[in-house]
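Here is a short briefing to read alongside the structure. It goes through strands, pockets and a cavity in turn, with one loop residue at the end.

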Amino acid sequence: DVRIDIETERIVFPAHNRNGEIVGVKGRYFGTDPVIKEDYKYLPIYPYSKSIELFNIHRALPFIKKRNEVIVVEAAKSCLLLTQWGYENCVSTEGKDISQVQVKLLKNLHVPIVFAWDKDVTWDNIKRYTKDFKTRLVYAIYDDTDLLDEKEAPVDKGITVWEKMYESKRKIF
C-alpha cells in the first residue's frame, strides 16, 4: 500500500486500525529542503488519531504470537524496514510518547515488549515512557556504544547495526 508522491516528495502510506481498516494516510518527506525535513517531515494527508492505534498491528499480530514478542518503534518507516528484514512482529507508536490506549493495546498482547526508540531518547526517558508496563517483561534497545548519530533510529544504519543493537537489548522490568 506504500506509494510515492513525486510532486510533494513524500512516501505515502495508509494507517490501519487493529481490524485492518484504513483510518488515515500519512506522508514522509524524502526531499532535501532542510526546513521541511526538520518541521514537516511527516504530513497527515488524511488525518487520524495516532494515539489510539499502533501502526502495523493488524499485520504484526500473527508474528507477535509466533515469536512471543512485540518490537515497538517510533515510526512507520522503522516498521517497514524491520518487516523487510524478517522482524514482522513490530509496531509503531508514531512518536516517542505512548498513550494510555497504546499502553493497554500493548499489555493486552501478553508478550514481552522490546522498545526501540531513536538515539535522542535518554535512559531516563525510557524509564519514564515505560513506567506503565511494570507488570510485563520489558526490554529497551539503547545505544550506549554510539553506533547511531543524533535522532537516528536503530534501523537507520542497516540490518547489521540493528541486529547488534537488538541482541544487546536491556531488560527494564
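**A parallel set of strands, then the rest**

Strand β5 (residues 70–73) runs parallel to β7, and 4 bridges join the two. Please keep in mind that this is a predicted model. From β7 we can move on to its other partner, then to the open sheet, and finally to the spaces in the structure.

**Around strand β7**

- Within the pairing of β5 and β7, Val 73 stands opposite Ala 116 of β7.
- Strand β7 (residues 113–116) is covered on both faces. Ile 113 and Phe 115 are buried on one side, and Val 114 and Ala 116 are buried on the other.
- β7 also pairs with strand β8 (residues 138–140), in the parallel sense and over 3 bridges.
- Which residue of β8 is the bridge partner of Val 114? That partner is Tyr 139.
- A right-handed β-α-β unit is made by β7, helix α5 (residues 123–129) and β8.

**The open sheet**

- An open sheet is formed by 4 strands in the order β1-β2-β3-β4, with antiparallel pairing.
- β1 (3–5) and β4 (42–46) each have a single partner strand, so one side of each of these edge strands has no neighbour in the sheet.
- From one strand to the next, the twist averages 35°.
- Strand β3 (residues 22–29) and β4 run antiparallel and are joined by 4 bridges. Arg 28 has Tyr 42 of β4 opposite.

**The largest pocket**

- The volume of the largest pocket is about 720 Å³.
- The lining of this pocket consists of 25 residues, and those closest to the centre are Arg 28, Lys 41, Tyr 42, Asp 118 and Lys 151. Arg 28 and Tyr 42 thus bring us back to the open sheet, where they stand opposite each other.
- Two or more lining residues come from each of β3, α1 (34–39) and α3 (76–84).
- By class, the lining holds 16 charged, 6 nonpolar and 3 polar residues.

**The second largest pocket**

- The second largest pocket has a volume of about 210 Å³.
- Which residues lie nearest the centre of this pocket? Among the 13 lining residues, they are Phe 55, Asn 56, Arg 59, Leu 80 and Thr 83.
- At least two lining residues are supplied by each of β2 (10–16), α2 (57–67) and α3. Helix α3 also gives two or more residues to the lining of the largest pocket.
- The lining of the second largest pocket divides into 7 nonpolar, 3 polar and 3 charged residues.

**The cavity**

- How many cavities of 30 Å³ or more does a search of the whole structure find? The search finds 1.
- The largest cavity holds about 30 Å³ of space.
- Its lining is made up of Ala 15, His 16, Tyr 48, Lys 50, Glu 53, Leu 54, Phe 55 and Glu 94. Phe 55 is also one of the residues nearest the centre of the second largest pocket.
- Sorted by class, the cavity lining has 4 nonpolar, 3 charged and 1 polar residues.

**A loop residue**

- Ile 6 sits in the loop between β1 and β2.
- Is Ile 6 buried or exposed? Ile 6 is exposed, because its relative accessible area is 66%, and the cut-off for exposed is over 50%.
- Ile 6 and Gly 31 are separated by 25 residues in sequence, and their C-alpha atoms are 9.7 Å apart in space.

Technical notes. Residues numbered from 1 in each chain as written. Predicted model: local features only at pLDDT ≥ 70, side-chain atom pairs only at ≥ 80, totals over all residues. Heavy atoms only, no water. Pairing = 2+ DSSP bridges. Axes fitted to C-alpha atoms, helices over the stretch in contact; angles between N-to-C directions. 1 Å grid on protein atoms, 1.4 Å probe; cavity = no way out; pocket = protein on both sides within 12 Å on 5 of 7 lines; lining within 4 Å. Points joined across faces, edges and corners; volume = space filled by probe spheres on them. Nonpolar A, V, L, I, M, F, W, Y, C, P; charged D, E, K, R; others polar. Buried < 20%, exposed > 50% of the residue type's maximum accessible area, 1.4 Å probe, protein only. Right-handed = clockwise from strand over helix to strand, strands pointing away.
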